Structures are given as C-alpha cells and as structure tokens.
Amino acid sequence: MELIDIAIVIAYLIGTLIIGYIKGKNIKSLKEYAISNREFTTPVLVAAVAATLIGGGSSTGLAAKVFTYGVPFYIIFFGRPLVNLFLAYFVAPRMESFQGTLSLAEIGGRLYGKSAQILIGSLGLIRSIGFLGTQVTAIGFVFEYFMGIDYVYGASLGSLIVVIYTSYGGIRSVTFTDVLQFTLLIVAIPLIANICVLEVGGYQKLYASVKDTHFSLPTEEKELSYLSAMFVYSMLPMIDPVVIHRFLMAPNVKEMGKSLKITALLQFPFYALVTVIGLSAFVLTPEIDANHSIFTLVNNYIAPGFKGVCVAAIIAILMSTGDSYLNTSSVLLSNDVIRPLFGREIGEKDLLLITRILALVAGVFAVVIALKFKDILDIGVYFASFWAPIAVMPLYAGIFGLRPSSRSFFAGVVGGVTTFLLWDYFGKEILPIIPAFLIGMIGNFVCLMTHYILFDPKPRKSPQENRPTMEQAIAEAKEIMMETPSFWKRARNMLYQFCQFEFNTLKYKDMPVISYAVFTLLIYNMPSFVWEGGPLYLLKHLFYIKAAGSVMSVALLLRNYWPPLWKAYFPAFWHGVLIYNLPFVCTLYAISTGFETMALINLSFALFLLGLMTSWRVYIFSFFAGMFSGFAVYQLWCTGGCFLFPQHAWVFFLFAVIFATLMGSIFSRQNENILISQMRQYRSLASQIAHELCSPLQNINIDVGMLGQYMRSKKDDRAEEMVEELSDNAKMLSKRINLAMGTLKGRDTRLMPQALNVHSLLKHIRQAYPNIDEECVEVRVDLKGIPPKTQIKVDPIAFEHVLHNLMKNAFEAIGDQDRDGKLEITGKIKGKVLSLMIKDNGSGIPPALIGEIFQPFVTSKTMGTGIGLYFCKHVLSMMEIKLSIHKSSPEGTEMLLEIPV
C-alpha cells in the first residue's frame, strides 16, 4: 500500500482507541460495563447492531464462499436477516420482563436457577469466544496481506487493539466505536462492488462469465452436505447471546425491535454487494486464494487514498463484531459464572476489575482459536455445535412463557447432548445433509416437553419485572475554545448569522433530513445498474465522489450526536450536502456520459428536488455553485481541456436546466410563502394573546391604585407597603408580557441594561419561591465561586424573566419524576466570563430535540407551547449572554449561562 493508505489505516486504529477511551471513562460497576445506562437511541442502536451482525463471516467469509460455490451461498445468507425479523417481531415484545438483566445467561438463571445460569453462561462464553476467533482470524489475514505483517502477529495485534478499548470502556466503548465502524463499512463495501463491476465490464458481462459455474448447486455429496449445514445454521434463530445483549442495553424493547428491523433490511443489499464482489473476484482473478478475494480486488483496482479507506473499513467490519463478542464473553464469565459461584464475597469494584481482566484472557483464547482454524465460516458452525443442542430451546420456552422447571431444563440438556452425539457418530452415514446440532436441538425440545408435560403440571409464575432507574450519563468532554484571528472570527460570525437566518426561515425540524440521507445512501451505493458511456477512469472517479457524498449523508443521520459547537452550523452543512449530492454530482455525471438522456433526466430530477428542499434564494445560489463546480472538476479531468459534445446535447441540457429551475423555483417559492403565512398567523395570535392579557392587567393596575389611596387614608403602613409591592409586580408583569410577545412577533423590545449585584439578584429570585421546599423540591444557590461585589450589566426585568422561565422548566421536569426534586444554581468566574449553571434532576430533554430546543414552537412537553426557551435565547442574545445546554440526560438537565463581567 501507499504511504497515504497506511496513514489512513493507522489513523482509524488510533481514532478507535480514542473514541473507546473517551466514551468508556468513569465506569464504576459491572452493570455500567455491561449495559451502560440504556440511554442509546435508535440510530446508535442500528449502527451497533448492524456493525455487530455484519462481521467477518458476512463479508470476507461470504465473498470467499461465493468465489468457491457461487450464488447459492448468497441465498443461504437470506436466513440471517429473516432471523433478525423473527427476533424483532416475536422475541422483542416478550423481553420486557427481563429488562435490567445483564446477559442471556442471567435470563436463564431467572427461569431455571443458578445451575442453569452457570451452564448457559459457560456455553455462551464458548460460543462468543469462538465467534471472536473468527474475527481475529480475518484480521490476521488483513494485516498479513496489506501491511506485510505475519499472520500470527497480525491476529495478535488486531486482538490487542480490540481488547484495549473493550476491556476499558465496556459496552459504551463498543457501541460508539461501532458507529464509526458502521460508517466505514456502508461506504466502502458499495464502493468496492461498483469499481469491480466496472472493471469486469458491467453486469451483463459478469453474469455471462459466471452463469455456467456459479449459478447452480454442486453435485458432490460432501459439498451438498456442507451447504445444507450452512443453510440450517443461517436459517435457525440461534438466540445469540450478543443479540440478546443488545436487547438488554436498549432503553425499551420497542427501540430494540425497530433497530433489528432496520438492520435486517440493510443486510439484504449488503450481502448482495458482497456476492457481487466475490463473483467479480472470480472473473478478474480466478487464480487467487478464495479467502483473499476482497483483499485482492482492493489492492489491484482501488485508487490510493480510497484503498486505505477500504482497508480500514474491512478491519472495522471485523473489529465491530469482535468487540461485541469480547464484551459479551467477559460479562458472561464474570456475571454468570464467577458471581453465582462466589456469591456476595466479591465486591462491585473487584468484580469490575475481574471482568476487565477476563476480557484480556478471552482475547488470548480468541488468538489461539484463530491460529487453529483458518476458515472463518467453519469456526462459527463448529462453535454453534456446543450451544444449539443445549441452550436454545429451553431459553425460547422460557421467553415465550412456557416456564418449565429446572428439572425439565436439565432433562432437555441431557436429551440434546445425547441425540447430538449419536447423530454425530452414526447419523452422518445415514443422512449426511442434516447437521448434528439440528438433531440435538430437536432432541432437547422433545425431552424438555416430555418432562414438562409429565412432571410439571403447574407452570411457574412469570419473573417479576425489574426495571432499574436510569443512572446519570457520562459528561461529554468540555469544549476547548481557541482564540481566532479577527478575520476568521468575523467570517465565523457571518456563517453563524447565515445559519441563524436559515433556522428562522425554514423549520429544519420538519425537513426530511433522515429520508433524504437514506435515499442518497441507497441511490449512491446500490449498484442496481452500471452507467455506460464515458471513459472508464472518469466513471471510477465518479464512484469515489459518490462515496464522499455517502459519508456526508451518514453525518446527516448522526446530526443529533454532533458536538454542540458543530450543531450551530448544521444549516451550512445541510446546504453543502445538497449542493454536493444534487447539482454537483449530477452535473458531473451528465458531462462524463456525453449528456445521455438518462443523465439529463437524473440532473433534472436533482434540480427539482433541490428546489423542493430549499428557499428560492438558496436554490439559485446552490444551483449555480453546484453546476459550476461540476463543470470545473470535469475541466480538470478532460485531457483536451474543452467540452466537445453534439449540438443537440447542449440544447437538451439547457432545456433540462431551464425546466428544472422554473419548477424548483415555483415549488420553493410556494413553500416559502406557506411558511411566511404560518409565521404571520403565529404573530397575529401573539398580538391577540398580548391584548387579552394586557386588558385585565390594566384594570388590575387601576384597582391597585385605588386600593393604595384607600390604604393611605387609613394610615395603615404595612397594608400600604403591600399594595405598592403588588403594584410594582403588576407593572413588571406587564413589561414581561410586552417583552415576550414582542419577541414572538418578530420585533426586538428595547432593553435598559443596569449594573446589578449578582448575589442580590439571585437572592431576590430565590425569595420568589418561599414554599417550594414544602413540595419536596430542594433549591440550593451556591455562589462561592463569585466574589460578593461582582456586578453584571443586564436588563433586570428581562433577566429575571429568563431565570424564572428556566426555573419553571426545571420544576416541571422534576414533577415528572418519582424521586425527590433538587434544583441547584451555581456560579463561577473564569477570565471575564461569569458562568451560571442551573442544574435539576428532572426528566431531561429528549436527545432528538437537543439540537432544536431553542427554536420556536419546539417542545418536549405535552401541553407546552415551545416559546419559553426560544424567548430566553433571543432576549439573552440581545444582552450578549450565551445560553446553552451543558448536559442533558434522563437523570437531569444542566443549563449554562455565560455572562460578560
């Protein structure tokens, strides 16, 4: 490989270790190590599950088998996504009562007792280490082929990297590194498939080259028996400990079911792409070792730079599955073997340390297995033989509500092992196409049910639900803001203002970001057809450009997990992706194919779609920027330096551009008019609300004035003082209403900043809640980090209104929880900035809304208006105060105010 490719691979490995370290800090218990806080959202779960299930067997292993046996192996792999759909629809809804357990073996312990837990934990450990060995085997092949490292050292190095971040951070490190690995694999595998088909000469030529050899079943009995065993192995829902581990780490069974469904839909096209790669390898390089089919294609036909990305993606595929099995292995051994044997003699910290050490031991065993077996898929089938005849059927019986006794469980174990051994020794001679582990599963089920029917007349009661409360999530790394030169600062501010304008003009929460990103990934990556026309090198470069667009689309899907600083510039990134993926790529495609009809239709559709998704001003800019960039890039590639196309092609091209521009402008303008109409309705409603509130308030002021005159005549000083205070509060309320409604109506109310003492201001605000302690809410104000004479320049009415809003939100969030409420206000000074933190232990802000919560009409409350935080952000910005969400989780929210001193 070139130096740049090696650098990319090394950067990926280092990046994986860094992500694993950052996300895995502060693990304090085995529960956190095993299932974290169950705070993972659907996109993260999909990435983690897909990256786990798409491993070495599904990539390099499948390509090798297709290279050898042909398309029947792709059909065999159909069983895997079907199994995931079965688990999503039938198993997931029945896992609710097991939420809170740490492993599949612990579920077995709840159903059948401690002895069953130890047995299932031991078998799951053997199975998981075996599958970990398959990934280590493939990693050894990768390092040996591309990096020139000996197979033994390559397997050991790959295993060491996986062990380091997995043993340190547990499921958190595993899950978030899986997101990176999933991103690489969904970009690289389609890229390899597209380039290889281009090298073959298209799908028709590929089919013609392999139809006689790779589209039929083999005739030899040994090969048929092997394919039959693989078919049964793929079709049977083996209830894998790793998959159930994913169930247990999800916030609820609904999210896990949804993640498995999406993963199953992704597996069908992914296996098709790997099949295309295996067939292409047979046509292009028939003399190579089948295990090196993907490696050879990447090495021979992928350009430098992208080759490093593809190699990193292959390693990522293997690591993403390996780390999951390693994590499951260590948890099974510590939680389901060691803990039941030693009981409470082991403390929580000691058990966590033991688990991390056991992860290292499991990695060593995986290397030993990798050195013994060289065929990746054969390892999986071999270790399934230990698991399937003993554990699968009793676990399914318990999960589906049958609840046999522990004696029935062990009766099934004896029956499964006996029938497995008998068939393995004698049955192969009678009917070799049926694998022994299938007969063992049938024997287990028969003996289990027989004992259950005869000796278990009364099913046991279902286990009680054990739903743990969500623990506090890990605080993300603090942002380190570097000083920037004034020019770049001005440029950044201009970009930020553009982003704010776009947020206020278009409701991005309503924009089909996810739909667009998924659509782009499918169109760019599925090689449903190969474009003909144009030089081959241009088409290959176009696939590389599409791969970059796929990476951008993945970034769109993960936008809720961006750092807070990045989220502020999401509109700019969104427009950049639209420009790149629509006018730029489609213009380049049209030129490279000589303005073919299909290319022009594609360009027209892209421009039309751009018009639907942007305002007309942005559409005009994006249209010219994308098309100009497409022409400029082609000009760099065109050896003649000019565009020599037929005259009718130019006419058709101009017609397509004019048509798409007119249609896009009409629709974008229509969308903008609808949005403006909605904003006018909101502002009209705001005016009506202000009028309805101010009229009775004015009457209250009049009545208070008359009451004050009466009290003065009675010479009651205390009553007169109370009336004056009531009058002041009424006037302040009137100003607050005008301020809030003015903000909503789109005009800035003039503020009157004054120098106020921070301690006095917050003390006055605290006194506004005299009875809050009686409502089981503890309010604490800690200003030790602020000198007593510190002053800030703010409008007192507006600033107090903002703080009351934030405290009101905190009280409402606390009210949604069963625990005692806590609200803490702390402050400290760093440089010339006063940081004021408002922290509560309420229900938190949903992760999907964190990036949009300050936008108008965005709320997580059932009866909320979505105006409060928008108003707070807007008013504080007028006083040059920054408001942001420092941290939010199901355990509480921290709002940060950064005030110039």
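The following exchange introduces the fold of this predicted model, going from the whole chain to one sheet and its helices.

In this predicted model, local features need pLDDT of at least 70 and side-chain atom pairs count only at pLDDT 80 or more, while totals for chains, interfaces and linings use all residues. Residues are numbered from 1 along each chain as its sequence is written, and side-chain values use heavy atoms, with hydrogens and water left out.

Colleague: How many helices are there in the protein?

Modeller: Helices (H or I, at least four residues) and strands (E, at least two) are DSSP runs, numbered from the N terminus. Seven strands are present in the protein. The number of helices is 31.

Colleague: What percentage of the residues of the protein count as buried?

Modeller: Buried means under 20% relative accessible area, exposed over 50%, and partly exposed in between (1.4 Å probe, protein chains only). The protein has 901 residues. The buried portion is 53%.

Colleague: Which helix gives the most to the largest nonpolar core?

Modeller: A nonpolar core is a set of buried Ala, Val, Leu, Ile, Met, Phe, Trp, Tyr and Cys residues joined through side-chain atoms within 4.5 Å. The largest one has 163 residues, of which F73 and M95 touch the most other members. With 24 residues in this core, the helix that gives the most is α9 (residues 151-200).

Colleague: How many residues does the other core have?

Modeller: This core lies apart from the largest one. Among its members are L803, F811, I814 and I845. Its residue count is 42.

Colleague: Which strands form the open sheet, and in what order?

Modeller: Two strands pair if DSSP finds at least two bridges between them. The pairing in this sheet is mixed, and its edge strands, β2 and β6 (882-889), each pair on one side only. The five strands stand in the order β2-β4-β5-β7-β6.

Colleague: Why is β5 described as largely enclosed?

Modeller: Strand β5 runs antiparallel to β4, with eight bridges joining the two. Its pairing with β7 (residues 892-900) is also antiparallel, over eight bridges. Strand β5 is largely enclosed by the rest of the structure because the buried residues number six of its eight.

Colleague: Which residue in the hairpin of β4 and β5 takes a positive phi?

Modeller: Two residues lie between the strands of this hairpin. The phi in question is near 70 degrees. The residue is G831.

Colleague: Where do the buried residues of α29 lie around its axis?

Modeller: In α29 (residues 758-766), the buried residues include V758, L761, L762 and I765. The arc is that of the directions from the helix axis to the C-beta atoms. Because they cover an arc of only 90 degrees, these residues lie on the same side of α29.

Colleague: Which residue caps the N-terminal end of α29?

Modeller: A side-chain oxygen of the capping residue lies 3.0 Å from the backbone nitrogen of H759. The residue is N757.

Colleague: What covers the buried residues of α29?

Modeller: Contact means heavy atoms within 4.5 Å. The covering elements include the strands β1 (754-757), β2 (777-785) and β3 (791-794). Also among them are α30 (796-815), β4 (821-830) and β5 (833-840).

Methods:
A polar contact is a pair of N or O atoms within 3.5 Å; within protein, one must be able to donate a hydrogen and the other to accept it, and residues adjacent in sequence count only if both atoms are side-chain atoms.
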